[in-house]
Amino acid sequence: MGKKFTVSSFLKSKKEGHKISMLTAYDYSTAKLLDEAGVDSILVGDSVGMVVLGYENTLKVTVDDMVHHIKAVSRGVNRAMVIGDMPFLSYHVSIEETIKNAGRLIQEGSAHAVKLEGGRDIIDRVKALVKAQIPVVGHLGLTPQSVNVFGGFKVQGKSEESAKKIIEDALLLQEAGVFAIVLECVPEKLSKIISERLHIPTIGIGAGKYCDGQVLVTQDMVGMYSDFTPKFVKKYANIGEDMKSSVKSYIKEINEGSFPEEKHGFTIDEAIINKLD
Ligand code: KIV
């Protein structure tokens, strides 16, 4: 097992130019595989709502859902930093509720940090979490919990006004104490400017090569989730097709009688069998 990846490792990586790798996971076995492969950080994203629970967006995901999945992921991880997403409305009502909900992801789920979507509107809650010793990751650009405000999953920061707003929000979040910011679906040249202005790392998803790290939804990256594949996804495997063809072989062998074979079964003394007849 390598040295644990921590908040300090995020900051050190930025200083030393080590690009941070992050992937999502929602269950024990996937988290264990990602950790063994050496990923720096695992995000238990509220994308669990779409990828695992089959919702059309992330809005129905609850704090209970997140705690359940973060617990499973944490049990599979030795080295990577586990970040738990704060779901829709879990940090919008009050500072007190925000701390309670984030506290559940840390205390019950064993997450090392939490992630919140938004900029200037959530600064008071970010500050309160940091004061409560809960490490926070920001999330700007296309923030999927605002899908109904944006009118769909669209690239953000293309106009001068919106680009300036994202830059200002990134600076405000940094000042409030976040230790990293996810930039989702923003133009590459904008994320370059932001990454250069910040002393904390940026983690890009659809934000180009100048970010200090990258994150993808694992099921997209290994070809397991086919409902919708954004342009920024690179498929490194085709696990979905592999799974389907192995299931077809399994069904065929059951029907033909070629599975199970003798080696897959257990034996019993013939004398005992004779007594059972
Ligand atoms: O929920 C999620 O998986 C995320 C990533 C897309 C950054 O927030």
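## Exercises on a predicted model

The protein chain splits into domain 1 (7-238) and domain 2 (242-276). The model is predicted.

**Exercise 1.** State what separates the centres of domain 1 and domain 2.

*Solution.* Take the centres over C-alpha atoms. The separation is 45 Å.

**Exercise 2.** List the residues around the ligand and sort the shell by class.

*Solution.* Step one: collect residues with a heavy atom within 4 Å of the ligand. These are Thr 24, Leu 43, Gly 45, Asp 46, Ser 47, Asp 85, Lys 115, His 139, Val 182, Glu 184, Ile 205 and Val 217. Step two: sort them. The shell has four nonpolar, four polar and four charged residues.

**Exercise 3.** Find polar side-chain atoms that lie close enough to a ligand oxygen to count as polar contacts.

*Solution.* The cut-off is 3.5 Å between N or O atoms. Ser 47 places a polar side-chain atom 2.5 Å from an oxygen atom of the ligand. For Lys 115 the distance to a ligand oxygen is 2.9 Å. For Asp 85 it is 3.1 Å. Next, consider cover. On its own the ligand has 260 Å² of accessible area, and the protein covers 95% of that. Last, the site: the ligand sits in the largest pocket.

**Exercise 4.** Locate the cis peptide bond and the non-glycine residue with a positive phi.

*Solution.* Start with the general expectation. Most peptide bonds are trans, and most residues other than glycine have a negative phi. Now check omega. It is about 0 degrees between Phe 259 and Pro 260, a cis bond. Pro 260 lies in the loop between α11 (239-256) and α12 (270-276). Then check phi. Leu 89 is not a glycine, yet its phi is positive, about 70 degrees. Leu 89 belongs to the loop between β3 (81-85) and α5 (95-107).

Definitions and conventions. Residues are numbered from 1 along each chain as its sequence is written. This is a predicted model: local features need pLDDT of at least 70, side-chain atom pairs count only at pLDDT 80 or more; totals for chains, interfaces and linings use all residues. Side-chain values use heavy atoms; hydrogens and water are left out. A polar contact is a pair of N or O atoms within 3.5 Å; within protein, one must be able to donate a hydrogen and the other to accept it, and residues adjacent in sequence count only if both atoms are side-chain atoms. Accessible areas come from the Shrake-Rupley method with a 1.4 Å probe; for residues, only the protein chains shown count as cover. On a 1 Å grid over the protein atoms alone, a cavity is a set of points where a 1.4 Å probe fits but cannot get out, and a pocket is an open set with protein on both sides within 12 Å along at least five of seven lines; lining residues have an atom within 4 Å of a point. A molecule sits in a cavity or pocket if more than half of its atoms lie within 2 Å of its grid points. Ala, Val, Leu, Ile, Met, Phe, Trp, Tyr, Cys and Pro count as nonpolar, Asp, Glu, Lys and Arg as charged, and the others, Gly among them, as polar. Domain bounds come from an automatic or database domain assignment. Helices (H or I, at least four residues) and strands (E, at least two) are DSSP runs, numbered from the N terminus.
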